Amino acid sequence: LIVEPYALRLSIESDEPEWRKRLERAWESLRVAHASSPKTPVDLEPAHTDFHLALVAGCGSDVLVRTISVLATQALRFRTLIAPRRPGGNKQSALEHRRLCELALAGEEDEATAFLATHLSWPLSVAVSPTVIAQRFERLGRLRPDLVLNGLSDLGIGIGDAVVETG
């Protein structure tokens, strides 16, 4: 709920043509997968994971993208168990993915990252009460990834895979 939206923001900010092309291709693959009337989240793979990784591929950090990939694998296990409870089912999922793609490609950083956080939180809403989720989001809202990255930069550690400078 923090890592992927933050990486999406970085991708939108960079707005690299390669990122845009990858995202458009990934959305087209996922659109086709959604159109095949999948019965479970596994039926959307690998298009679903590829789409989410395409959203963040322009963030400038291979480590961040790999971390999101690992988290996506773990989330798939949980989503598979709770898929029958998804409000709106596959149709709602397809609409959300299309909207994510549209917002990202339009450069709507704030709206895209907020929408992505909401999209990612639906499985959590099945397992945890709305009150607890609200409390967690309030606490998460206090986190400032930009300050963490600035602190790392001060130590000579860049957000990519390499050290920017040594001290």
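These are my notebook entries on helix H3 and its neighbours in a predicted model.

I kept in mind that residues are numbered from 1 along each chain as its sequence is written, and that side-chain values use heavy atoms, with hydrogens and water left out. Because the model is predicted, local features need pLDDT of at least 70 and side-chain atom pairs count only at pLDDT 80 or more, while totals for chains, interfaces and linings use all residues.

I looked up H3 (residues 47-56), a helix in the sense of a DSSP run of H or I with at least four residues, numbered from the N terminus. Nine of its ten residues are buried, meaning under 20% relative accessible area with a 1.4 Å probe and protein chains only; among them are His48, Phe51, His52 and Leu55.

I then looked at how H3 packs against H5 (residues 89-105), and found an angle of about 20 degrees with the axes 11 Å apart, the axes being lines fitted to C-alpha atoms over the stretch in contact and the angles running from 0 to 180 degrees between N-to-C directions. That makes H3 roughly parallel to H5, a term for angles under 35 degrees. In this pairing, His48, Phe51, His52 and Leu55 of H3 meet His97, Leu100, Cys101 and Ala104 of H5, where contact means heavy atoms within 4.5 Å.

I turned next to H1 (residues 3-14), whose axis comes within 7 Å of that of H3 and crosses it at roughly 55 degrees. That makes H1 oblique to H3, oblique being what remains besides under 35, over 145 and 65 to 115 degrees. Here Glu4, Ala7, Leu8 and Ser11 of H1 meet His52, Leu55 and Val56 of H3.

Notes. Buried means under 20% relative accessible area, exposed over 50%, partly exposed in between (1.4 Å probe, protein chains only). Helices (H or I, at least four residues) and strands (E, at least two) are DSSP runs, numbered from the N terminus.
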